[in-house]
Amino acid sequence: MRQKYWWQEVVVYQIYPRSFKDSNNDGIGDLPGIIEKLDYLEKLGIGAIWLSPVYQSPNDDNGYDISDYEAIMTEFGTMEDMERLIQEADKRQIKIVMDLVVNHTSDEHAWFVEAKKSKDNPYRDYYVWANPSADGGVPNGLRSAFSGSAWQLDETTGQYYLHLFSKKQPDLNWQNEKVRQAVYQMMNFWIDKGIGGFRMDVIDLIGKVPEQEITGNGPRLHEFLQEMNQATFGKHDLLTVGETWGATPEIAKLYSNPDRHELSMVFQFEHIGLDQQAGGEKWDLAPVDLGQLKQIFAKWQTELDNQGWNSLFWNNHDLPRMISRWGNDTNYRVESAKMLAILLHMQKGTPYIYQGEEIGMTNTAITDISQAKDIESINMYQERLANGFTKEAIIQSINAKGRDNARRPVQWSNQAYAGFSTVEPWIAVNENYSSINVEQALADPDSIFYTYQKLIALRKANPLMIWGDFELLDTKEAVFAYLRKYQGETWLVVTNFSDDCHEFHYSNPQAKATELVIANMPIELSESLDLQLKPWQAFVVKLEE
Ligand code: NOJ
C-alpha cells in the first residue's frame with residue numbers, strides 16, 4: 001500500500017485574482033477581496049486554493065510575466081495581505097498553492113534588465129541568446145505561443161533572445177546552474193511563508209534545447225525537477241502540480257511516480273484538444289468526438305494507476321468555460337453543469353474547480369477585437385487577418401476558444417458590476433449576472449453550487465471516491481458510464497453527454513442499485529437498471545451484483 005497524501009484527498013479551487021473580488025474599488029480583484037470570500041470557499045468545502053500569479057508584474061500577460069518574485073503586485077495588495085491570506089486560509093483548513101512561473105520572467109525583471117546590457121554582463125546567461133542566422137534573420141523557426149517568431153532582436157548587442165510567449169516574457173536559461181539556484185532560493189522564500197505548494201507554469205519547457213528547436217520534454221527536464229524537489233519542497237508536505245501540455249500517461253508517470261521524487265501530479269491536456277482540427281491550432285474549430293473523450297479519460301484513469309496521480313479539470317484561466325463549450329449553456333445550463341461536475345469528480349484523481357464554475361458561469365461573446373483584453377487573442381487576430389482570414393471567422397474562434405471567456409469577473413450578486421466591484425472592472429462582466437450569481441446560487445437549494453458542495457462532502461466521507469479503481473463501461477457514444485470499486489463496494493456512475501434522450505442498460509441483469517449517491521435530476525431507479533436517460537442526466541448509485 002502506498003503512502004497517502006493530503007493532496008489526493010482535497011478538492012482544489014483556482015483563483016484568478018484579477019477577476020475574483022475587488023475590495024478597494026479600482027476595478028481589479030485583489031488579495032483582501034479573496035480574504036473576504038474565504039468563508040464562501042470554506043462553505044463549498046475546498047482544501048486548497050491555486051492562486052494564479054500575484055507577484056509584481058507589468059501585466060503583459062496578466063501576471064504570468066513576473067518582474068519580482070518576492071513582491072506582490074501593487075494592484076493586488078501588499079506582502080502583509082499575502083501573509084494574512086495564508087493565515088486566514090489556514091484557519092479554515094485551506095492551503096494556498098502559488099503559481100510558479102519560472103520558464104520565463106518579465107523583460108522588466110532585474111535579471112533581464114542586466115542581461116541585455118552587454119554580452120559579458122554577469123546575468124547574460126540567465127537567458128537564451130542566439131546570433132542571427134546566416135541570412136541575417138531570426139536564428140531558427142521556433143514560434144511563440146502568442147504568434148510570430150519566438151526570437152526577438154536586441155538592438156544593443158545584435159543578438160536575439162528567446163521568448164516562447166510574448167516579447168515581454170524572455171525565457172530563462174535552465175542549463176545555467178545559477179538560474180536554477182536562484183529559482184530554488186525564491187521557492188524556499190515562499191515555502192518559509194507557509195504556502196501549501198506550487199502549480200508550475202509550462203514546466204515541461206524548462207529542459208528546452210532551442211538550437212535543436214526542442215521545447216517540450218527536453219533531455220534534462222526530469223533531472224532539473226529532481227534537483228528542484230531536493231532543494232525545495234521535497235522536505236515538506238506540499239502539493240506540486242505541473243502544467244504539461246505534451247504529457248502522455250508514460251510521461252506523466254515520470255513526473256508523478258512518488259518513487260522518482262519529482263511532482264505530486266501534472267495537468268494533462270489530451271482531452272482539451274478534442275475540438276480542434278487535426279493538424280490545426282486551437283482556433284481551428286471542430287466538433288468534439290465523445291467516443292474519443294471517453295477513451296482518453298479511461299486511458300488516463302487506468303494507466304496512471306498506482307504509479308502516478310491524476311489532476312481532474314474541465315476549466316482554467318486559459319480555457320473557455322466547459323459548460324459553454326461541450327455542455328449546453330442555454331437550454332440545459334444547470335443540468336449540463338451538474339452533469340459535468342459529477343462526471344469529473346467521480347473519477348480518480350484530484351479535482352480542480354475554476355472560479356465561477358461552481359455557479360455555472362458561461363462564456364461571453366465579443367463582436368469586435370477592441371473588446372478583447374488577452375494578448376494571445378489580440379496577436380492571433382492580427383496574424384490571421386494578415387493571412388487572409390475574415391474578421392468574422394477570427395472573432396468566431398475567439399468566442400469559442402479565447403481566454404477572456406474565463407477571465408470575466410466572478411458574478412457575486414445582481415448588483416452593478418455583478419457585485420465584483422463598484423466601478424467599471426478591468427474587463428466587462430457577462431450581462432447574465434442578473435440571474436447567474438453567487439447570491440442566487442446560495443439561496444437555491446437546487447443550484448449548481450450545492451451539487452459541487454455535495455460532491456466535495458461525499459469525497460470526504462467516502463474513500464472509494466479517492467482510491468477506488470476505475471472501469472469504463474461499454475455504452476452508446478453519448479452515454480459516459482463507469483464503475484468505481486473499492487474494498488468490496490461498487491459505485492455506478494452514469495451520465496448522458498448530450499441534448500438527446502438515450503437508453504442505458506447495465507450489462508448484469510442481476511445487479512441492483514441499493515442507494516442513490518447523487519443525481520442532477522429526480523430519478524426513479526428500477527431494479528433492472530434499464531433506463532431512458534434524459535438530456536444531460538447524471539446519477540451515481542451504489543451497486544450490488
Ligand atoms: C500558461 C499559463 O497558464 C498562461 O496563462 C500563460 O499565458 C502561459 N503559461 C505563459 O506563462
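## Helix pairs, sheets and two buried residues

The crossing of α11 and α15 is right-handed. This is a predicted model, so read every number below as computed from it. Let's start with that helix pair and then work outward.

**Two helix pairs**

In general, two packed helices are described by the angle between their axes and the distance between the axes. For α11 (residues 333-345) and α15 (residues 448-461), those values are about 15 degrees and 9 Å. At that angle, α11 counts as roughly parallel to α15. On the α11 side the contact is made by Arg333, Val334, Ala337, Lys338, Ala341, Ile342 and His345, and on the α15 side by Ile448, Thr451, Tyr452, Leu455 and Arg459. If the spacing of those numbers looks familiar, remember that an α-helix has 3.6 residues a turn, so residues three or four places apart point the same way.

Helices α12 (residues 375-386) and α13 (residues 391-401) pack at about 155 degrees, with 10 Å between their axes. That angle makes α12 roughly antiparallel to α13. The α12–α13 crossing is right-handed. Ser377, Met380, Tyr381, Arg384 and Leu385 come from α12, and they meet Lys391, Ile394, Ile395 and Ile398 of α13.

**Zooming in on Ile448**

Ile448 sits in helix α15 and is one of the residues through which α15 meets α11. Is Ile448 buried or exposed? Its relative accessible area is 3%, so it counts as buried. Leaving aside residues up to four places away in sequence, Ile448 touches Arg333, Val334, Ala337 and Lys338, along with Glu357, Glu358, Ile359 and Gly360. The first four of those names also turn up among the α11 residues of the helix contact. Take Ala337: it is 111 residues from Ile448 in sequence, while the two C-alpha atoms are 6.9 Å apart in space.

**Helix α4 and what covers it**

Helix α4 runs over residues 79-91. With 13 residues at 1.5 Å a residue, it should span 18 Å, and its end C-alpha atoms are 19 Å apart, so the geometry agrees with expectation. Its buried residues are Met79, Asp81, Met82, Leu85, Ile86, Glu88 and Ala89; note that Asp81 and Glu88 are on that list too. What covers them? Among the elements doing so are helices α2 (31-36), α3 (38-44) and α6 (177-192), together with strands β2 (48-51), β4 (68-72) and β5 (95-100). Just past the helix, Gln93 takes a positive phi of about 55 degrees.

**Ala48, in one of the covering strands**

Strand β2, which helps cover α4, is also where Ala48 is placed. Ala48 has 0% relative accessibility, so it counts as buried. Beyond residues up to four places away in sequence, its contacts are Trp6, Val11, Val12, Tyr13, Ile94, Lys95 and Val97. Ile96 is 48 residues from Ala48 along the chain, and their C-alpha atoms are 5.8 Å apart.

**Sheets and strand pairs**

Two open sheets are worth tracing on screen. One has five strands in the order β14-β15-β16-β20-β18, paired antiparallel. Its edges are β14 (469-472) and β18 (512-519); each has a single partner strand, so one side of each is left without a neighbour in the sheet. From one strand to the next, the twist averages 25 degrees.

The other sheet has three strands, ordered β6-β8-β7, again with antiparallel pairing. Here the edge strands are β6 (129-130) and β7 (151-154), each pairing on one side only.

Here are three antiparallel strand pairs, each with one of its bridges:

| Strand pair | Bridges | Bridge partners |
|---|---|---|
| β16 (residues 489-496) and β20 (residues 538-544) | six bridges | Val493 and Val540 |
| β17 (residues 502-505) and β19 (residues 530-533) | four bridges | Phe504 and Leu531 |
| β6 (129-130) and β8 (residues 159-162) | two bridges | Ala130 and Tyr160 |

Strand β19 deserves a second look. In a regular strand the side chains alternate between the two faces of the sheet. Which residues of β19 lie on the covered face, and which on the uncovered one? Leu531 and Leu533 make up the covered face, whereas Asp530 and Gln532 make up the uncovered one. Leu531, on the covered face, is the bridge partner of Phe504.

Note on methods:
Residues are numbered from 1 along each chain as its sequence is written. This is a predicted model: local features need pLDDT of at least 70, side-chain atom pairs count only at pLDDT 80 or more; totals for chains, interfaces and linings use all residues. Side-chain values use heavy atoms; hydrogens and water are left out. Buried means under 20% relative accessible area, exposed over 50%, partly exposed in between (1.4 Å probe, protein chains only). Two strands pair if DSSP finds at least two bridges between them. The expected span of a helix is 1.5 Å times one less than its number of residues. Contact means heavy atoms within 4.5 Å. Axes are lines fitted to C-alpha atoms, for helices over the stretch in contact, and angles run from 0 to 180 degrees between N-to-C directions. Angles under 35 degrees count as roughly parallel, over 145 as roughly antiparallel, 65 to 115 as roughly perpendicular and the rest as oblique. A crossing is left-handed if the near helix is turned anticlockwise from the far one by less than a right angle, and right-handed if clockwise.
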